[in-house]
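The following exercises concern a single protein model and are accompanied by worked solutions. Please attempt each task before reading the steps beneath it.

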Amino acid sequence: MSSTTMAEDDKDVQKCFEVALELVYKAGNIILERKNSRKSFVCKEGDIDLVTETDKQVEKLLMNGLKAQFKSHKFIGEEESAGGVTARLTDAPTWIIDPVDGTMNFVHGFPHSCISIALVINQVTEIGIVYNPMLNQKFTAIRGEGAFYNDKLINVSGEKDPKKALVTSEFGTTRDPEKLKVVIENFNKMAALVHGIRSLGSAALNMVMVAMGAADVNYEFGIHAWDVAAGDLIVREAGGVTIDPAGGEFDMMSRRVIAASSMELAQEIAKNLTQFYPQPRDD
Ligand code: LIP
């Protein structure tokens, strides 16, 4: 193959999607084989940010498989970053990978974890895939082509009224008292404001619940780019919005997100949240 053809191939979004999806299914089988057992884990940063052998194996399978096909592509992976590799997003085609989002659930055998993988080219997200092999839930999006749940087109609910909104959020993986104070304060505020609040342990799955109209809002402080990159595109392709929790533009490296079924609802939730700015950022 000539170098020009190779470069063109590396930016063929449809081909990238097909290759990634096949690898995601393979990686899903690794998760599936171990779904019912309690797993041993190590704790990153002394908090409750867990990592299992499966997280590492899945990330390796995905990265090696993609590297073999797309030589020029870069990677930002959760486990690689935890190992000290800096998560820098450039204009190069970059895969942003969370091998197991919801590792705490996976460790306990609670069947609500997923692989989350996105492809960003020139800082624009082109592909998002979120796959929970335990419940056979596959969420996909290619920019401009809509969002899909198990190959069926999905849409957000379109809800605008906080009183009628089902909201998802998480306690997160740090026990930093400052952060926890804000989390609890926000749960209190939301409990008084919205229809209902759910916390199921996977940022990526929270976001795709908004995409399919099963939830209306997801917000979280402390997430990383790999938790939200795929979900962001899937939500937007389903007709929803992602913004910064203070009301401005969403920045996937900021570790802050609101995803919602409408801009009105996103801004109303933003107005009511106590803000938190996790440090360091992802870039
Ligand atoms: C975690 C999410 C969890 C969220 C954490 C973290 P991990 O991902 O699933 O919902 O609260 O901020 O991102 O560590 O299981 O991949």
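**Exercise 1. A residue in a helix**

Asp-232 belongs to helix H8, which covers residues 225-237. The model under study is a predicted one.

*Task.* Decide whether Asp-232 is buried or exposed, and state which side chain it meets in a polar contact.

*Solution.*
Step 1. A residue is called buried when its relative accessible area is under 20%.
Step 2. The relative accessible area of Asp-232 is 4%, and therefore Asp-232 is buried.
Step 3. The side chain of Asp-232 makes a polar contact of 2.8 Å with the side chain of Arg-236.
Step 4. In an α-helix there are 3.6 residues to a turn, so residues three or four places apart point the same way.

**Exercise 2. The surroundings of the ligand**

*Task.* Describe how many residues surround the ligand, which kinds of residue they are, and which parts of the protein supply them.

*Solution.*
Step 1. The ligand is surrounded by 16 residues, and the closest of them are Asp-98, Gly-102, Thr-103, Glu-220 and Asp-227.
Step 2. Sorted by kind, the shell holds three nonpolar, six polar and seven charged residues.
Step 3. Both domain 1 (3-154) and domain 2 (162-272) contribute at least three residues each to this shell.
Step 4. Strand S4 (residues 94-101) supplies the largest share of the shell, namely three residues.

*Task.* Find the distances from Asp-98, Glu-220 and Gly-201 to oxygen atoms of the ligand, and state what percentage of the ligand's area the protein buries.

*Solution.*
Step 1. For Asp-98, a polar side-chain atom is 2.9 Å from an oxygen atom of the ligand.
Step 2. For Glu-220, a polar side-chain atom is 2.6 Å from an oxygen atom of the ligand.
Step 3. Gly-201 takes part through its backbone: an N or O atom there is 3.2 Å from an oxygen atom of the ligand.
Step 4. The ligand exposes 370 Å² when taken alone, and the protein buries 94% of that area.

**Exercise 3. Strand S12 and its partners**

*Task.* Determine which way the residues of S12 point, and identify the strands that pair with S12.

*Solution.*
Step 1. S12 spans residues 217-221, and five of its five residues are buried.
Step 2. Val-217, Tyr-219 and Phe-221 point one way, whereas Asn-218 and Glu-220 point the other way.
Step 3. S10 (residues 166-168) runs parallel to S12 and is joined to it by two bridges. Within this pair, Thr-168 has Asn-218 as its bridge partner.
Step 4. S14 (residues 256-260) runs antiparallel to S12, with five bridges between the two strands. Here Glu-220 has Val-257 as its bridge partner.
Step 5. Glu-220 thus appears again, having been listed among the closest residues to the ligand.

**Exercise 4. Helix H7**

*Task.* State how many residues of H7 are buried, and what phi Gly-213 takes just after H7.

*Solution.*
Step 1. H7 runs through residues 203-211, and nine of its nine residues are buried.
Step 2. The buried residues include Leu-205, Asn-206 and Met-207.
Step 3. Just after H7, the phi of Gly-213 is positive, at about 80 degrees.

**Exercise 5. Strand S6 and two hairpins**

*Task.* Describe how S6 is joined to S5 and to S7, and name a residue with a positive phi in each hairpin.

*Solution.*
Step 1. S6 covers residues 124-132, of which eight of nine are buried.
Step 2. S5 (residues 114-121) and S6 are antiparallel and share seven bridges. Ala-118 is matched with Gly-128 as its bridge partner in S6.
Step 3. Two residues lie between S5 and S6 in their hairpin, where Asn-122 has a positive phi near 50 degrees.
Step 4. In the loop between S5 and S6, Gln-123 has a positive phi near 70 degrees. Its relative accessibility is 44%, so Gln-123 counts as partly exposed.
Step 5. S6 and S7 (residues 137-142) are antiparallel and are joined by six bridges. Asn-132 stands opposite Gln-137 of S7.
Step 6. Four residues separate S6 from S7 in the hairpin, and Asn-136 in the turn has a positive phi of about 50 degrees.

**Exercise 6. Backbone exceptions**

*Task.* State what is notable in the phi of Asp-151 and in the peptide bond from Gln-279 to Pro-280.

*Solution.*
Step 1. Most residues other than glycine have a negative phi, and most peptide bonds are trans.
Step 2. Asp-151 is not a glycine, yet its phi is positive, at about 75 degrees.
Step 3. Asp-151 lies in the loop between S8 (147-149) and S9 (152-154). Its relative accessibility is 57%, so Asp-151 counts as exposed.
Step 4. The peptide bond from Gln-279 to Pro-280 is cis, with omega near -10 degrees. Pro-280 lies in the segment after helix H9 (263-272).

Notes: Residues numbered from 1 in each chain as written. Heavy atoms only, no water. Near = heavy atom within 4 Å. Polar contact = N/O pair within 3.5 Å; in protein donor to acceptor, adjacent residues only side chain to side chain. Areas by Shrake-Rupley, 256 points an atom, 1.4 Å probe, with all protein chains shown as cover. Nonpolar A, V, L, I, M, F, W, Y, C, P; charged D, E, K, R; others polar. Domains from an automatic or database assignment. Buried < 20%, exposed > 50% of the residue type's maximum accessible area, 1.4 Å probe, protein only. Pairing = 2+ DSSP bridges.
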